[in-house]
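Visitor: I'd like a close look at one part of this protein, the buried interior. Could you walk me through what is packed in there and what touches what?

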Amino acid sequence: MKRSCLYLLALLTLFLGAALAEGDCPLDCPNCRSEKDCFTCSCCAVLFQTARPAATVKPAATAKTTPAPQASTPNVPNSSPSTGDYTTLSATVQEQKMLNLLNQDRARNGLSALPLDSELSAIARAKAQEMMEKGYFSHESPTWGKAASMLTAFGYAYNGVGENIAHHATVEKAEAAFLSSSAHRIIMMGSQWKKVGIGVCTDKNGYVYVTELFVR
């Protein structure tokens, strides 16, 4: 009887160990190293996504709902007083300012600066523009889906992606809003990221739509 109990206890321990292993964060999130449930991964899975590299995943050419845009040449409209669309020049200034704020905050937390990837920024800019034009605010695009699917649709190769989005009066206030949110802050302060793409779009009221894409 005693031997049977010990055998059952050993099986139970083995099962629990497997369950914990299955719950490990694929991005090696610091919150998941010692806990099974990470707020970011469990409740905000759209923020932390790991997907297969785009080189091995190609969107179906015949699918009507899957676009095939080129990340290096996104559809960026000319400036228009009626729509509030942005020019490439003004977007670049805002995006550079957002990058500076991001890297300043990372430096204050002992983290290295992230380089700005122009191709990734073009994708982020397309997402910001779409949110403005279609009047939505979500991590899931009606055109490209979530961040992982979006990068794949644009043919961008990566191993992991995190996304932050904001709609605020200025990029400075957008950065402050990111810092005040624990989930967004975890993304911003991730040590696993290798580069970042930032897209900024200004609506007719002067408010900015911001999309940040962090990749490794």
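Guide: Here is a walk through the interior, starting with the chain as a whole and then going residue by residue.

Keep in mind that this is a predicted model. Mean pLDDT for the chain is 72, with 58% of the residues at 70 or more. The stretch to be careful with is residues 5-90, where pLDDT stays under 50, although the model has 116 contacts beyond four places in sequence for it. Where pLDDT is low, the predicted coordinates should not be read in detail.

Now the layout. You have 7 helices and 4 strands, and from the N terminus they run α-α-β-α-α-α-β-α-α-β-β. Of the 216 residues, 42% count as buried. Among contacts with a separation of 6 or more, 69% are between residues 24 or more positions apart.

On to the largest nonpolar core. It has 19 residues, and the ones touching the most other members are Met-98, Val-171, Val-196, Val-210 and Phe-214. Helices H3 (88-108), H6 (171-180) and H7, plus strands S3 and S4, each put in at least two residues. H3 gives the largest share, with 4 residues. Take Met-98: leaving out residues up to four places away in sequence, its partners are Val-171, Ala-174, Glu-175, Phe-178, Ile-198, Val-210 and Glu-212. A separate core of 16 residues lies apart from this one, and its members include Ala-126, Ala-147, Met-150 and Leu-213.

Glu-212, one of those Met-98 partners, deserves a stop. This glutamate lies in strand S4. Glu-212 is buried yet has no salt bridge, and the nearest side chain of opposite charge, Arg-106, is 9.4 Å away. A salt bridge needs a nitrogen and a carboxyl oxygen within 4 Å. What does Glu-212 touch instead, leaving aside neighbours within four places in sequence? Its contacts are Met-98, Gly-162, Glu-163, Asn-164, Glu-175, Phe-178, Met-188, Gly-197 and Ile-198.

Other charged side chains do find a partner, and the structure holds 6 salt bridges. In one of them, Glu-95 meets Arg-125, with the closest N and O atoms 2.7 Å apart. That bridge links distant parts of the chain, from Glu-95 in helix H3 to Arg-125 in helix H4, 30 residues apart. Both ends are tucked away: Glu-95 counts as buried at 2% relative accessibility, and Arg-125 is buried with a relative accessible area of 11%.

Asp-105 and Arg-108 make another bridge, at 2.6 Å from N to O. These two both lie in helix H3, 3 residues apart, about one turn of the helix. Asp-105 is buried, with a relative accessible area of 10%, whereas Arg-108 is exposed at 62%. Helix H4 has a bridge within it too: Glu-130 and Lys-134 are 4 residues apart, about one turn, and their closest N and O atoms are 3.6 Å apart. Glu-130 is buried, its relative accessible area being 6%.

Asp-105 also leads us to Met-189, which touches Asp-105, Arg-106, Asn-109, Leu-111 and Leu-179 when residues up to four places away in sequence are not counted. Met-189 lies in the loop between H7 and S3 and is buried, with a relative accessible area of 14%. Met-189 and Leu-102 are 87 residues apart in sequence but 9.0 Å apart in space, C-alpha to C-alpha.

Another methionine, Met-131, lies in helix H4 (residues 118-134) and is buried at 0% relative accessible area. Beyond neighbours within four places in sequence, its contacts are Tyr-136, Phe-137, Ser-138, Ile-165, Tyr-209, Val-210 and Thr-211. Val-210 is also on the list of Met-98 partners.

Last, the rings. The structure holds 2 aromatic pairs. Trp-144 and Phe-154 have ring centres 5.2 Å apart and planes at 55°, so this pair is tilted. Trp-144 sits in the loop between H4 and helix H5 (147-153), while Phe-154 is in the loop between H5 and strand S2 (161-168). Trp-144 and Phe-154 are both buried.

The other pair, Trp-193 and Phe-214, has ring centres 6.1 Å apart and planes at 40°, so it is tilted as well. Here Trp-193 is in the loop between H7 and S3 and Phe-214 is in strand S4, 21 residues apart. Trp-193 counts as buried at 4% relative accessibility, and Phe-214 does at 0%. Phe-214 also brings us back to the largest nonpolar core, as one of the residues touching the most other members.

Note on methods. Residues numbered from 1 in each chain as written. Predicted model: local features only at pLDDT ≥ 70, side-chain atom pairs only at ≥ 80, totals over all residues. Heavy atoms only, no water. Buried < 20%, exposed > 50% of the residue type's maximum accessible area, 1.4 Å probe, protein only. Contact = heavy atoms within 4.5 Å. Phe/Tyr/Trp six-rings, centres within 6.5 Å; stacked < 30°, edge-to-face > 60°. Lys, Arg positive; Asp, Glu negative; His and termini not counted. Core = buried A, V, L, I, M, F, W, Y, C linked by side-chain atoms within 4.5 Å. pLDDT = per-residue confidence, 0-100.
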